[in-house]
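Visitor: Please pick one part of this model and take me through it closely, with every cut-off stated, before you set it against the rest of the chain.

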Amino acid sequence: GFASSGTFDVAGGAAVQLTGGTFNFNPGHTFTGTGFYGVPSGGNATINGPIINTNFQLTGSLTISNELSGTLWWNSGQLYGALTVATNGVVNLVGAGSKYLFGAITNYGQVVWTSGGGAWYLYGGSGARLENQPGGLLDVQLDGNFLVGSGSPVINNAGTFRKSGGSGTLTMGSFVFGNQGALQAQIGTIQLPNLYSETPSANLAVSLGGTTPGTQYGHIHFSSAPTFSGKFTVTTKNGFTPSPGNTFYVLSYPSASGNFIAMDGLDFGNGLRLEPHFAKTGLTLTTVNVPTSAELTLSIYRLPSSVLVSWPIEFTGCQLYSTTNLATPVWTPIPIAGINNTVVPITFPQQYFRLSNP
């Protein structure tokens with residue numbers, strides 16, 4: 001072990017290996033260079049103080065209880081303690097070796113699973129949890145596996161959790177997965193665990209880049225019945241615009257309850273839109289042409305336990321009103337949760353709708 005408030009400069013091909021002991025990184029401690037600086041395979045080190053660097057590497061066992069303001073390359077091995085990833089911090093999971101988390105990662109920056117495959121084991125019995133904070137990104141760029149080492153590990157997402165690479169499936173074991181942020185399937189399938197829940201701030205999102213499932217658009221699968229309470233959003237990529245008749249199977253589940261509060265991204269403008277079709281076990285989007293005219297037309301779609309009221313994207317910014325009696329109407333404004341749509345529970349009385357400028 002050592003205490004350092006100075007600079008280590010590790011040249012390419014050279015190495016400083018923290019094979020064991022406690023290392024105190026005091027203010028002023030930095031390290032540079034392209035060589036190996038970190039915990040090698042078989043090493044077992046404890047670090048006190050912030051990691052401020054661009055090339056710290058982990059292939060052994062590391063215990064840390066401080067902040068990461070640089071880049072940690074996690075090639076394999078075990079991580080203990082409580083690591084806070086600052087807004088300018090990055091944890092890169094690389095290499096074919098498995099990773100084992102026995103502590104907590106609180107992420108305000110980026111945790112990116114970039115390459116290698118293997119599995120990421122979380123030991124819930126030892127307090128393993130991933131806390132993805134607002135502004136934080138947890139990005140999986142491959143078809144990986146989040147596996148349970150022990151207990152019930154926890155993933156709480158209040159930032160962005162996305163799958164941006166790999167045309168197969170990202171699978172999860174028996175995790176507790178709480179979603180208050182954006183969950184994005186840009187490609188392939190995200191398979192969520194049994195203990196999934198969401199809040200009204202959650203946003204389930206899929207990206208369309210073509211008509212081929214997996215390789216060109218994303219899919220989200222729920223292992224058990226979800227209760228929807230947030231938004232659902234569609235985005236496109238690579239300049240893709242669907243054609244009438246194209247279909248996209250984007251959500252699957254054994255059953256579902258609850259309501260989305262809005263469904264954004266279904267309208268492409270100029271009369272081209274996606275119609276949602278909910279079955280008992282999933283959601284399919286079908287591309288249709290809607291005739292355009294000088295008169296505004298409201299569209300109403302049946303959801304599992306609600307209705308989606310939407311209008312052309314060109315009329316974004318207008319206010320939706322409703323009344324229960326056309327003979328003596330009292331038009332009441334309805335809160336709009338989406339960009340050009342909102343969801344109305346079917347438990348309300350029979351309603352008539354109109355849209356007008358605010």
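Guide: What follows starts from the largest cavity, moves to the residues and cores around the chain, and ends with the loops.

This is a predicted model, in which local features need pLDDT of at least 70 and side-chain atom pairs count only at pLDDT 80 or more, while totals for chains, interfaces and linings use all residues. Residues are numbered from 1 along each chain as its sequence is written, and side-chain values use heavy atoms, with hydrogens and water left out.

The structure holds 4 cavities of 30 Å³ or more, a cavity being a set of points, on a 1 Å grid over the protein atoms alone, where a 1.4 Å probe fits but cannot get out. The largest of them has a volume of about 90 Å³, volume here meaning the space filled by probe spheres set on grid points that are joined across faces, edges and corners. Its lining, made up of residues with an atom within 4 Å of a point, comprises 13 residues, and M263, L266, D267, S310 and N340 are those that lie nearest the centre. By character, the lining divides into 6 nonpolar, 4 polar and 3 charged residues, where Ala, Val, Leu, Ile, Met, Phe, Trp, Tyr, Cys and Pro count as nonpolar, Asp, Glu, Lys and Arg as charged, and the others, Gly among them, as polar. Strand 34 (262-264), strand 36 (272-279) and strand 39 (306-310) each supply at least two residues of this lining; strands are DSSP runs of E with at least two residues, and helices are runs of H or I with at least four, both numbered from the N terminus.

Another residue to examine is T342, placed in strand 42 (residues 341-345). T342 counts as buried because its relative accessibility is 3%; the classes are buried under 20% relative accessible area, exposed over 50%, and partly exposed in between, with a 1.4 Å probe and protein chains only. A polar atom of the T342 side chain lies 3.3 Å from the backbone nitrogen of A337, which falls inside the limit for a polar contact (a pair of N or O atoms within 3.5 Å; within protein, one must be able to donate a hydrogen and the other to accept it, and residues adjacent in sequence count only if both atoms are side-chain atoms). Leaving out residues up to four places away in sequence, the partners that T342 touches include I261, V307, V309, W311, L320, I334 and A337, a contact meaning heavy atoms within 4.5 Å.

The nonpolar cores come next, each being a set of buried Ala, Val, Leu, Ile, Met, Phe, Trp, Tyr and Cys residues joined through side-chain atoms within 4.5 Å. The largest has 70 residues, of which F56, W120, F146, F232 and L251 touch the most other members. A second, separate core of 9 residues includes V307, C318, I334 and L355, and V307 and I334 also appear among the residues that T342 touches. In soluble globular proteins, nonpolar side chains tend to be buried together.

For the chain as a whole, there are 0 helices and 43 strands, and the C-alpha atoms fill a box of roughly 85 × 40 × 35 Å along the principal axes. Of the 358 residues, 49% count as buried, and residues 24 or more positions apart account for 49% of the contacts with a separation of 6 or more.

Several loops complete the picture. A119, in the loop between strand 16 (110-113) and strand 17 (120-123), is buried because its relative accessible area is 6%, and beyond four places in sequence A119 touches S98, K99, W113, N145 and L147. S76, in the loop between strand 11 (71-74) and strand 12 (77-85), counts as buried at 19%, and a polar atom of its side chain lies 3.4 Å from the backbone oxygen of T59. S255, between strand 32 (247-252) and strand 33 (257-258), is partly exposed at 33%, and apart from neighbours within four places in sequence S255 is in contact with A225, P226 and K280. Finally, N270 lies in the loop between strand 35 (267-269) and strand 36, is exposed with a relative accessible area of 71%, and has a positive phi of about 55 degrees although it is not a glycine.

Methods. On a 1 Å grid over the protein atoms alone, a cavity is a set of points where a 1.4 Å probe fits but cannot get out, and a pocket is an open set with protein on both sides within 12 Å along at least five of seven lines; lining residues have an atom within 4 Å of a point.
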